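Reader: I would like a close look at one part of this protein, the cysteines and what surrounds them. Please keep it brisk.

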Amino acid sequence: LFNSTMYFVQSVSAYGCTSELISVNAILIVNPAPVITYNDPVCEGSIIQFYSNYSDSIVLYNWWGPNGFYSSASNPTISNATLADTGVYFMSYLNNGCYSDTATITVEIHSGPVADILNPTLISCEFDTLILNALDSSGYSYSWTLDNGITLVGNDAILLTTIRDDGWIVLTVADSFGCIGYDSAMVTIKPMPLFNFFVVPEIC
């Protein structure tokens, strides 16, 4: 923003002589603080993407914050975010030789849920039931996916087994922020024994 003010200057000598009146146009440059946001929520290990409402290729940007962060990009990113990236971030810009006011934003990094299969040794007979148990935390959603594409839900689930269930099972746990944790285990299905039947002919 530009605010223009006209000033008039006149000098008087020691003898009382007065100079001509000189006009000076003073321009006050006001750079308002930007509005900054980020892609909230952010999970640990994902990307922090910052945004600013001010974008100009001839402007010098300054972003700084926790964990030694600094960037001169207009909309910078932080890859592979860690809990150490949690905190207050600052941003200002230099335009027409003047710095703007500084904007701030608080960023929170969510650690995400822990996925833990409580019975990692999953062995069952064919056509039997296999109990799946996971560490339970309130507010989380749970799903179990087998190699054959079967999916079960809940931290405790029951699988009616067939020989096709033999293989890996993956537990996926999601929290309310969309952060995800994984655990896996091997499922071993023992086939039912085969029986051979013989018809004994009747002997008179």
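What is the mean pLDDT of the protein, and how many of its residues, in percent, reach 70 or more? Then take me through the disulfide and its setting.

Author: This is a predicted model. The mean pLDDT of the protein is 87. A value of 70 or more is reached by 88% of the residues. Confidence varies along the chain. Strand β1 (residues 2–9) has the lowest confidence, with a mean of 63. Strand β8 (residues 77–78) has the highest, at 98.

First, the frame. The protein has 19 strands and 0 helices. Of its 204 residues, 32% are buried. Take the contacts between residues at least 6 apart in sequence: 51% of them join residues at least 24 apart. The protein exposes about 13000 Å². Carbon and sulfur atoms supply 58% of that area.

Now the cysteines. Searching the whole structure gives 1 disulfide. Its partners are Cys43 and Cys179, with an S to S distance of 2.0 Å. The pair links distant parts of the chain, 136 residues apart. Cys43 sits in strand β4 (residues 42–43). Cys179 sits in the loop between β18 (167–174) and β19 (180–190). The angle about the S-S bond is -95°, and the link is left-handed. In general, a disulfide is a covalent bond between the sulfur atoms of two cysteines.

How do the cysteines compare in exposure? Both Cys43 and Cys179 are buried. Cys98 is partly exposed, because its relative accessibility is 27% and the partly exposed class runs from 20% to 50%. Cys125 is also partly exposed, because its relative accessible area of 38% falls between those limits.

Stay with strand β4. Val42 is found there too. Val42 is buried, because its relative accessible area is 1% and the cut-off is under 20%. Which residues does Val42 touch, leaving out those up to four places away in sequence? They are Ile47, Ile48, Ala81, Glu108, Ile109 and His110. Ser111 is 69 residues from Val42 along the chain. Their C-alpha atoms are separated by 9.0 Å.

Step back to the approach to β4. Pro41 lies in the loop between β3 (36–38) and β4. The peptide bond joining Asp40 and Pro41 is cis, with omega about 0°. In general, most peptide bonds are trans, and most residues other than glycine have a negative phi.

Two asparagines have a positive phi. Asn80 has phi near 50°. Asn80 is in the loop between β8 and β9 (87–95). Asn67 has phi near 60°. Asn67 belongs to the loop between β6 and β7 (69–71). Asn67 counts as exposed, because its relative accessible area is 53% and the exposed class starts over 50%.

Strand β6 (residues 60–65) includes Gly65. Gly65 is partly exposed, because its relative accessible area is 21% and buried means under 20%. Outside the residues up to four places away in sequence, Gly65 touches Val88 and Tyr89. Gly65 and Met91 are 26 residues apart in sequence. In space, their C-alpha atoms are 8.9 Å apart.

Another loop runs between β15 (141–146) and β16 (151–153), and Asn148 is found in it. Asn148 counts as partly exposed, because its relative accessibility is 23% and the buried class ends under 20%. Setting aside neighbours within four places in sequence, Asn148 is in contact with Arg164 and Asp165. Asn148 and Trp168 are 20 residues apart in sequence. Their C-alpha atoms are 9.1 Å apart in space.

Last, the surface. Val9, Ile22 and Val24 make a nonpolar patch of about 250 Å². Ile22 has its place in strand β2 (residues 22–29).

To return to your cysteines: the disulfide joins Cys43 to Cys179, and both of these residues are buried. Cys98 is partly exposed, and so is Cys125.

Technical notes
Residues numbered from 1 in each chain as written. Predicted model: local features only at pLDDT ≥ 70, side-chain atom pairs only at ≥ 80, totals over all residues. Heavy atoms only, no water. Disulfide = S-S within 2.5 Å. Helix = DSSP H or I, 4+ residues; strand = E, 2+ residues; numbered from the N terminus. Buried < 20%, exposed > 50% of the residue type's maximum accessible area, 1.4 Å probe, protein only. Patch = residues over 30% accessible without salt bridge, like charges linked within 9 Å, V, L, I, M, F, W, Y side chains within 5 Å. Areas by Shrake-Rupley, 256 points an atom, 1.4 Å probe, with all protein chains shown as cover. Salt bridge = Lys/Arg side-chain N within 4 Å of Asp/Glu carboxyl O. pLDDT = per-residue confidence, 0-100. Contact = heavy atoms within 4.5 Å.
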